[in-house]
Amino acid sequence: MMCERSSRVMRGNTAGCRAYADRPKHSLATPRIFCSHPTMQYVLIIHEVADYPVWKKVFDSAAGIRKDAGERSYQILKYQNDPNRIVHFSVWTSIEDAKSFFESPELAKIRRDAGVKSPEFIYLEQLEARTL
């Protein structure tokens with residue numbers, strides 16, 4: 001069964017999860033499972049950089065401080081027709097950790113050094129995830 005909030009497959013032990021069936025007792029419908037697992041927290045950053053290779057070098061050198069601040073994974077994407085328009089999509093331990101990091105004076109300096117222009121930060125909480 002799959003937890004509908006965290007989209008985790010529940011195998012055997014569903015400790016920490018509460019299950020309920022919104023179906024008649026003898027229905028063939030699969031019961032819905034909800035759990036208390038934390039939902040995934042994401043940050044989507046869209047920004048223009050002066051020079052992608054320069055930005056990427058600074059970005060890579062900051063991996064340790066991003067990890068320490070709570071970033072767990074990331075993807076870097078670019079606009080199809082604009083190699084200096086970057087999308088940074090990342091998973092965080094919490095939105096609070098991400099905001100604290102991205103709003104810090106230390107990171108503002110790193111962004112300036114990397115040639116980042118007007119970043120837009122979008123903080124997101126996962127509602128659902130499925131594989132089709």
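Is Glu71 buried or exposed? In this predicted model, Glu71 has a relative accessibility of 5% and therefore counts as buried. Its place is in strand S4, which spans residues 71–79. Two polar contacts involve the side chain of this residue: one of 2.9 Å with the side chain of His88, and another of 3.4 Å with the side chain of Ser90. Once residues up to four places away in sequence are set aside, Glu71 touches Arg66, His88, Ser90, Val91 and Trp92.

Two of these neighbours lead on to aromatic rings. Arg66, which touches Glu71, has its charged end over the ring of Phe59, 3.8 Å from the ring centre. A comparable arrangement is found for Arg85, which lies over the face of Tyr79 at 5.1 Å from the centre of the ring. Trp92, also in contact with Glu71, is buried, with a relative accessible area of 3%.

The aromatic residues deserve a look of their own. A pair of aromatic rings is described by the distance of the centres and the angle of the planes. The count of aromatic pairs comes to 8. In one of them, the ring centres of Trp55 and Phe59 are 4.8 Å apart and the planes are at 25 degrees, so this pair is stacked. Trp55 and Phe59 both belong to helix H1, where a spacing of 4 residues separates them by about one helical turn. Both residues are buried. Another pair is formed by Trp92 and Phe101, with centres 5.6 Å apart and planes at 35 degrees, so it is tilted. Phe101, at 9% relative accessibility, counts as buried. Ring pairs also link Tyr52, Trp55, Phe59 and Tyr74 into a cluster.

Trp92 and Phe101 appear again in the nonpolar interior. The largest nonpolar core has 7 residues, namely Val43, Ile45, Trp92, Ala98, Phe101, Phe102 and Leu107. Strand S3 (41–49) and helix H3 each supply at least two residues of this core, and the largest share, 3 residues, comes from H3. A second, separate core has 6 residues, among them Val49, Trp55, Ala114 and Val116. Returning to the largest core, its member Ile45 is in contact with Ile86, Val87, His88, Phe102, Pro119, Glu120 and Phe121, leaving aside neighbours within four places in sequence. His88 is thus a residue that Ile45 contacts and one whose side chain is joined to that of Glu71 by a polar contact.

Which residues of helix H4 are buried? In this helix, made up of residues 105–114, they are Leu107, Arg111 and Ala114. Viewed down the helix axis, the buried residues of H4 fall within an arc of 65 degrees, so they line one face of the helix. Pro105, Glu106 and Arg112, on the other side of H4, are exposed. The cover over the buried residues includes helix H1 (52–61), helix H3 (95–102) and strand S6 (116–125). Two residues of the buried face also take part in the cores: Leu107 is in the largest core, while Ala114 is in the second. After H4 comes Gly115, with a positive phi near 80 degrees.

Note on methods
Residues are numbered from 1 along each chain as its sequence is written. This is a predicted model: local features need pLDDT of at least 70, side-chain atom pairs count only at pLDDT 80 or more; totals for chains, interfaces and linings use all residues. Side-chain values use heavy atoms; hydrogens and water are left out. Buried means under 20% relative accessible area, exposed over 50%, partly exposed in between (1.4 Å probe, protein chains only). The arc is that of the directions from the helix axis to the C-beta atoms. Contact means heavy atoms within 4.5 Å. Rings of Phe, Tyr and Trp (its six-membered ring) pair if their centres lie within 6.5 Å; planes under 30 degrees apart count as stacked, over 60 as edge-to-face and the rest as tilted. A charge sits over a ring if NZ of Lys or CZ of Arg is within 6 Å of the ring centre and within 35 degrees of the ring normal. A nonpolar core is a set of buried Ala, Val, Leu, Ile, Met, Phe, Trp, Tyr and Cys residues joined through side-chain atoms within 4.5 Å. A polar contact is a pair of N or O atoms within 3.5 Å; within protein, one must be able to donate a hydrogen and the other to accept it, and residues adjacent in sequence count only if both atoms are side-chain atoms.
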